[in-house]
Amino acid sequence: MKSIKFITVNNPEKGSEELFNIVEKALDNKELHSIGLATGGTMIPVYKKWVESDLDFSNVTTFNLDEYVGIGVDNPNGYGYFMYEHLFNEKKFKKINLLDGLAEDSEKECDRFEKELLENPLDIQILGVGENGHIAFNEPGTPFDSVTHVATLTPSTLDVNSRFFQEGEAVPNTALTMGIKSILRAKQIVLLAYGERKRAAIEKLAADKVDPKWPITKLLEHDNVIVITDLEI
Ligand code: F6R
């Protein structure tokens with residue numbers, strides 16, 4: 001097993017600076033053509049920093065990890081909407097690839113997306129992690145060889161994610177998501193995790209044992225993973 005590089009920071013802003021430096025260097029070296037992006041609270045300071053910078057992404061293609069089934073890019077609860085609000089409205093990219101939550105045939109949409117991914121291998125994949133160790137919407141027990149697929153969300157993820165929805169609005173319980181295998185194909189993976197709620201997942205990773213109950217632990221088999229965290233493990 002290859003060791004993971006941990007970068008410990010004092011707060012999410014410092015973590016965003018670390019990630020910024022990695023992305024800036026890859027752009028300067030012309031090594032960033034395709035990037036995998038995540039949504040969620042962890043990513044807000046990351047994209048804020050990019051938007052405020054003069055980073056030039058006009059030669060970079062993006063792929064987002066996931067989207068709820070039944071939610072389109074105009075829906076403020078969706079991940080596509082999040083991306084436009086926090087990044088894409090401000091920064092120009094070569095091509096933006098989102099999973100379409102409104103696709104008539106979700107399975108077909110997953111196949112289409114996976115094919116695009118194979119044609120544009122990811123140079124960097126940015127990840128957050130769920131409290132239960134999920135990466136993208138790959139919940140505990142998801143096969144490690146999964147590619148982009150329709151996932152059923154666990155009650156714990158539904159509960160955590162309900163904070164982004166208006167009162168009375170139900171969180172969809174299925175989502176389109178890149179699979180664990182799709183994520184692991186990226187040349188480099190940078191995972192960000194802040195706060196005590198993420199401690200169990202980061203401790204599992206630090207324990208250096210791959211465990212299907214903790215999807216994050218599959219990253220141990222990748223040879224280029226950086227974890228940026230404010231947790232002392
Ligand atoms: C989002 C995603 C999720 C989040 C994770 C952490 O695109 O794939 O796996 O990264 O749920 O979310 P936050 O950052 O809100 O704690």
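## Around the ligand

Let's start with the company the ligand keeps: its surrounding shell is made up of four nonpolar, seven polar and three charged residues. Please keep in mind as you look around that this is a predicted model. In total, 14 residues surround the ligand. Thr42, Asp66, His134, Ala136 and Lys198 are the closest of them.

Some of these residues also have side chains with polar atoms close to ligand oxygen. For Thr42, an N or O atom of the side chain is 2.4 Å from an oxygen atom of the ligand. His134 likewise has a side-chain N or O atom 2.7 Å from a ligand oxygen, and a polar atom in the side chain of Lys198 lies 2.7 Å from an oxygen atom of the ligand. On its own the ligand has 410 Å² of accessible area, and the protein covers 93% of this.

## The largest pocket

Where does the ligand sit? Its place is the largest pocket, which holds about 650 Å³ of space. The lining of this pocket counts 35 residues, and those closest to the pocket centre are Thr39, Gly40, Gly41, Asn161 and Phe164.

Which helix gives the largest share of this lining? That is helix 3, with five residues. Helix 3 spans 79–88, and both this helix and helix 5, at 155–161, supply at least two lining residues each. If you colour the lining of the largest pocket by residue class, you will find 15 nonpolar, 14 polar and six charged residues.

## The second largest pocket

It is worth turning the model to visit another site as well. The second largest pocket has a volume of about 270 Å³. Helix 1, covering residues 12–28, provides the largest share of the lining here, namely five residues.

To find this pocket on screen, you can select its lining residues: Glu18, Asn21, Ile22, Lys25, Ala26, Asn29, Glu31, Asp123, Ile124, Lys187, Gln188 and Asn224. How do the residues of this lining divide into nonpolar, polar and charged, and what are the counts? Three are nonpolar, four are polar and five are charged.

## Putting the sites side by side

Here is a short recap for your tour of the model. The largest pocket is where the ligand sits, and helix 3 gives five residues to the lining of that pocket. In the second largest pocket, five lining residues come from helix 1. Charged residues number six in the lining of the largest pocket and five in the lining of the second largest pocket.

Definitions and conventions:
Residues numbered from 1 in each chain as written. Predicted model: local features only at pLDDT ≥ 70, side-chain atom pairs only at ≥ 80, totals over all residues. Heavy atoms only, no water. Near = heavy atom within 4 Å. Polar contact = N/O pair within 3.5 Å; in protein donor to acceptor, adjacent residues only side chain to side chain. Areas by Shrake-Rupley, 256 points an atom, 1.4 Å probe, with all protein chains shown as cover. 1 Å grid on protein atoms, 1.4 Å probe; cavity = no way out; pocket = protein on both sides within 12 Å on 5 of 7 lines; lining within 4 Å. Sits in = over half its atoms within 2 Å of the grid points. Nonpolar A, V, L, I, M, F, W, Y, C, P; charged D, E, K, R; others polar. Points joined across faces, edges and corners; volume = space filled by probe spheres on them. Helix = DSSP H or I, 4+ residues; strand = E, 2+ residues; numbered from the N terminus.
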